[in-house]
Amino acid sequence: QVDLVESGGAEVRPGGSLTLTCAASGSLRQIVKMDWYRLVPGNEREWVATIRSAHNLQYSDAARGRFTISRTDAKDFMYLQMNNLRPEDTAAYFCHAETIRGTPERRSHYWGQGTQVTVSS
């Protein structure tokens, strides 16, 4: 079991910056991947970024070059540094963790409750 709690969402002006935090607790050693997703009401959930290790990072086209995903070695905190924010970045941002445990391996998925980012002038 992994519990995830996001924080850091706020209203910012276009061009501004914001850092989101995801606090993780529970079976952290079982985490193999952590991600950020975002959701705009009426749209499908959109993948933003993934971290498997400090050197294994992936970004969506919308995030690449503006957002940076990172996390602590203990996997108890994950971050999303967002720069040059645009109105189209307005969404609820969610953190996600995937775990593997047992033999045969069983994968589980965990989600936080989300934090709202609003980019508006």
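The exercises below work through strands, salt bridges and packing in one predicted model.

Residues are numbered from 1 along each chain as its sequence is written, and side-chain values use heavy atoms, with hydrogens and water left out. Because the model is predicted, local features need pLDDT of at least 70 and side-chain atom pairs count only at pLDDT 80 or more, while totals for chains, interfaces and linings use all residues.

**Exercise 1. The open sheet**

Task: State the order in which four strands form an open sheet, and find which strands stand at the edges.

Solution.

Step 1. Strands (E) are DSSP runs of at least two residues, and helices (H or I) are runs of at least four, numbered from the N terminus. Two strands pair if DSSP finds at least two bridges between them.

Step 2. The order is E1-E3-E8-E7, with antiparallel pairing. Strand E1 (2-7) and E7 are at the edges; each has a single partner strand, so one side of each lacks a neighbour in the sheet.

Step 3. On average, neighbouring strands of this sheet are turned by 15 degrees against each other, direction ignored. For such angles, axes are lines fitted to C-alpha atoms, for helices over the stretch in contact, and the angles run from 0 to 180 degrees between N-to-C directions.

Step 4. Six bridges join E1 and E3 in the antiparallel sense, and Asp3 has Ser25 in E3 as its bridge partner. Strand E3 (residues 18-26) also pairs with E8 over six bridges, again antiparallel; here Cys22 stands opposite Met78 in E8.

**Exercise 2. A hairpin**

Task: Describe how E5 and E6 pair and how many residues lie between them.

Solution.

Step 1. The pairing of E5 and E6 is antiparallel and has four bridges. Within it, Thr50 faces Gln58 in E6 as its opposite residue.

Step 2. E5 and E6 make a hairpin, with two residues between them.

**Exercise 3. Salt bridges**

Task: Count the salt bridges and describe the pairs of Glu46, Arg66 and Glu98.

Solution.

Step 1. A salt bridge is a side-chain nitrogen of Lys or Arg within 4 Å of a carboxyl oxygen of Asp or Glu. By this rule there are seven salt bridges.

Step 2. Glu46 pairs with Arg38, N to O, at 3.0 Å. Buried means under 20% relative accessible area, exposed over 50%, and partly exposed in between (1.4 Å probe, protein chains only). Glu46 is therefore partly exposed, at 30%, whereas Arg38 is buried, at 6%.

Step 3. Arg66 and Asp89 form a salt bridge whose closest N and O atoms are 2.7 Å apart. This pair links distant parts of the chain, 23 residues apart: Arg66 is in the loop between strand E6 (56-59) and strand E7 (67-71), and Asp89 is in the loop between strand E8 (77-82) and strand E9 (91-101). Both Arg66 and Asp89 are buried.

Step 4. Glu98 and Arg107 meet in a salt bridge of 2.5 Å, N to O. Glu98 counts as buried because its relative accessibility is 8%. A network of salt bridges links Lys33, Asp35, Glu98 and Arg107.

**Exercise 4. Two threonines**

Task: Say whether Thr99 and Thr19 are buried or partly exposed, and list what each touches.

Solution.

Step 1. Contact means heavy atoms within 4.5 Å.

Step 2. Thr99 lies in strand E9 and is buried, with a relative accessible area of 0%. Beyond its neighbours within four places in sequence, Thr99 contacts Val2, Gln30, Ile31, Val32, Arg106, Arg107, Ser108 and Tyr110.

Step 3. Thr19 belongs to strand E3 and is partly exposed, at 34%. Residues up to four places away in sequence aside, Thr19 touches Ser7, Gly8, Tyr79, Leu80 and Gln81.

Step 4. The side chains of Thr19 and Gln81 make a polar contact of 2.3 Å. A polar contact is a pair of N or O atoms within 3.5 Å; within protein, one must be able to donate a hydrogen and the other to accept it, and residues adjacent in sequence count only if both atoms are side-chain atoms.

**Exercise 5. The nonpolar core**

Task: Give the number of residues in the largest nonpolar core and the strands that supply at least two of them.

Solution.

Step 1. A nonpolar core is a set of buried Ala, Val, Leu, Ile, Met, Phe, Trp, Tyr and Cys residues joined through side-chain atoms within 4.5 Å.

Step 2. The largest has 29 residues, and Leu4, Trp36, Leu80, Met82 and Tyr93 have the most contacts inside it. At least two residues each come from E1, E3, strand E4 (31-39), strand E5 (46-53), E7, E8, E9 and strand E11 (115-119).
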